[in-house]
Amino acid sequence: PQTLFIRTCPRAAAAICTRAMSGDPPLVNAWTQFGRLQTVVVGRADPTSCHLPLEPACQSEINDPFLAENIPWPGGQVKHSKTIQKAEAQLSNFCSILEAETVRIRPVVEFNEEVKRDLHKRRTEAVAQPGSEVEDVLRVLRKGAISTMRTKVLDWSKPVAGPEWESKSQYCATCPRDTMITLGNTLLEATMSKRCRYFEHLACRDICLDLWRRDPQRVKLWAAPKPSMSDAMYRPSFWNLNDEERFNSMRNYEFCVNESEPVFDAADITRVGRDIFVQKSMTTNDAGILWLRTHFPHLRVHAMHFPYDLYPSHIDCTFVPLRPPSRDGADGLALINPERPPLKAEAELWRRNGWKLLNAPMPARLDRPAFSQSSYWLSMNLLSLSETTLVIEEEELPLYSLLSEHGFDVITVPMRHMYDFGGAIHCCTWDIQRDDSCVDYFPDQEVAQEHVHYPTFKDIEVVDVTSSDSGFVVNPRVGSQIVGTYASQLKRSDAPSSKL
């Protein structure tokens, strides 16, 4: 196909050769989560975005107790038009902030109708004319313009089916991070784990084809093998367990998808140069991690486990690399979820290579939209624009303060209406081009784990988030109170020793 393209498009072929010979960076390039972001895809809240249909990989519940008692889960139905419009408005605003050369951050207080009280926020606005700042501005930041692309509008209300399954509707395209990932110069389409999301990659297909055609000598476009999504691929007994039974069986790492076929969502992967880390979860199995390892031999693929997360799905609300160790000896930093600590054995690789784990503070708000299927830890769902600049939700003042204390420039955007669509700032994006390369940030591989596809793996000893662990774990503090560990401590103190 590449040869045919060059023969039939001589001008394009000449441009491709010129680009390759000139040393221009590839159009597709992302090896880390923190290299300077240059081009990004932002999802879209389409008018036909639907509630997740009930299926073997998804048994959704309404969060509001009153609603849950009076109406069934509206699986397969189009979301309310106001819900869609509010989310799309926040996504469009996010694009404007990303595209702006300069922004200003200022404090605001707004009354919130949902919680019936004033909420303090940090509001970020694009600056059209530098020097025109208002009086209460906290910071003016020249961050540089980032190119944005949007997913294609599709009709998600249409039913879909395969030879052995059917779904009454699809879902939406607000979270391209779930379906697509850039690994170096490769655009990779994930298998996906839910039937209703089988064709979700089509919202990104035109973008993929355009990037590949413009630079086919260096850009690879791959699709992982699509699973059958037959009943035999799932473990229905997973949904029959109550939380106590699930806690007792946490060391089994058995979720709703079994090991019969390779399965992974792209959002279970995080990139750190030559090493990528993949969470085993409800949406990614050992076979999927093994597929990644065998198909990307130039990368080191590491499995990660978070046993206290009883419903694990996507790593970007649990473990977020923020910046790497510096040449002058400063430690690298990764944000961790204090309610879902990583395994101690797997964290040792990070310790030996000069990283520290930063405990995230508890979210500013613990309430969630009634139909949201994500946790309040979407507070951690941030996007790195560079090693020094991050974007977070504008209400997350505890996280804003913590990141500022550790030397980051923090940009904020409103994104809580996206929570109804199962994601936030990181979920709604897909990195296309970053100014980074395949750096080895983990040269010491002595303790690297090789248990990715071993069914006998039963380790549940996690990092102690209540201890500094000789400086390896960094705990944010408010006075003498350690922030972010209380809920985790309660879970452990209530757990009989037999469960551990």
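Here are some questions and answers about the cores, sheets and salt bridges of this predicted model.

Local features need pLDDT of at least 70 and side-chain atom pairs count only at pLDDT 80 or more, while totals for chains, interfaces and linings use all residues. Residues are numbered from 1 along each chain as its sequence is written, and side-chain values use heavy atoms, with hydrogens and water left out.

Q: Which residues touch the most other members of the largest nonpolar core?
A: A nonpolar core is a set of buried Ala, Val, Leu, Ile, Met, Phe, Trp, Tyr and Cys residues joined through side-chain atoms within 4.5 Å. Buried means under 20% relative accessible area, exposed over 50%, and partly exposed in between (1.4 Å probe, protein chains only). Among the 54 residues of the largest core, those with the most contacts to other members are Phe-94, Leu-322, Leu-335, Leu-403 and Met-415.

Q: Which element gives the largest share of this core?
A: Helices (H or I, at least four residues) and strands (E, at least two) are DSSP runs, numbered from the N terminus. Elements that each supply at least two residues of the core include strand 1 (36-42), helix 4 (81-99) and helix 10 (397-405). The largest share, seven residues, comes from helix 4.

Q: How many residues make up the other core, which lies apart from the largest one?
A: This second core includes Ala-57, Val-160, Met-192 and Tyr-198. Its residue count is 41.

Q: What is the bridge partner of Val-109 in strand 3?
A: Two strands pair if DSSP finds at least two bridges between them. Strand 2 and strand 3 (residues 117-126) do so in the antiparallel sense, over ten bridges. They form a hairpin with four residues between them, and Lys-116 in the turn has a positive phi of about 60°. Across this pairing, the partner of Val-109 is His-120.

Q: Which strands stand at the edges of the open sheet 17-18-19?
A: The three strands of this sheet have mixed pairing. Each edge strand has a single partner strand, so one side of each is left without a neighbour in the sheet; these are strand 17 (383-384) and strand 19.

Q: What angle does the direction of helix 4 make with that of strand 19?
A: Helix 4 packs on the sheet, in contact (heavy atoms within 4.5 Å) with strand 17, strand 18 and strand 19. Axes are lines fitted to C-alpha atoms, for helices over the stretch in contact, and angles run from 0 to 180 degrees between N-to-C directions. The angle is about 150°.

Q: How far apart are the closest N and O atoms of Glu-125 and Arg-106?
A: A salt bridge is a side-chain nitrogen of Lys or Arg within 4 Å of a carboxyl oxygen of Asp or Glu. Glu-125 lies in strand 3 and Arg-106 in strand 2, so their pair ties together parts that are 19 residues apart in sequence. Both residues are buried. Their closest N and O atoms are apart by 2.9 Å.

Q: Which residues are joined with Glu-348 and Arg-352 into one salt-bridge network?
A: The side chains of Glu-348 and Arg-352 meet in a salt bridge (3.4 Å, N to O). Both lie in helix 9 (residues 344-352), four residues apart, about one turn of the helix. Through salt bridges that share partners, the network also takes in Arg-351, Glu-446 and Asp-469.
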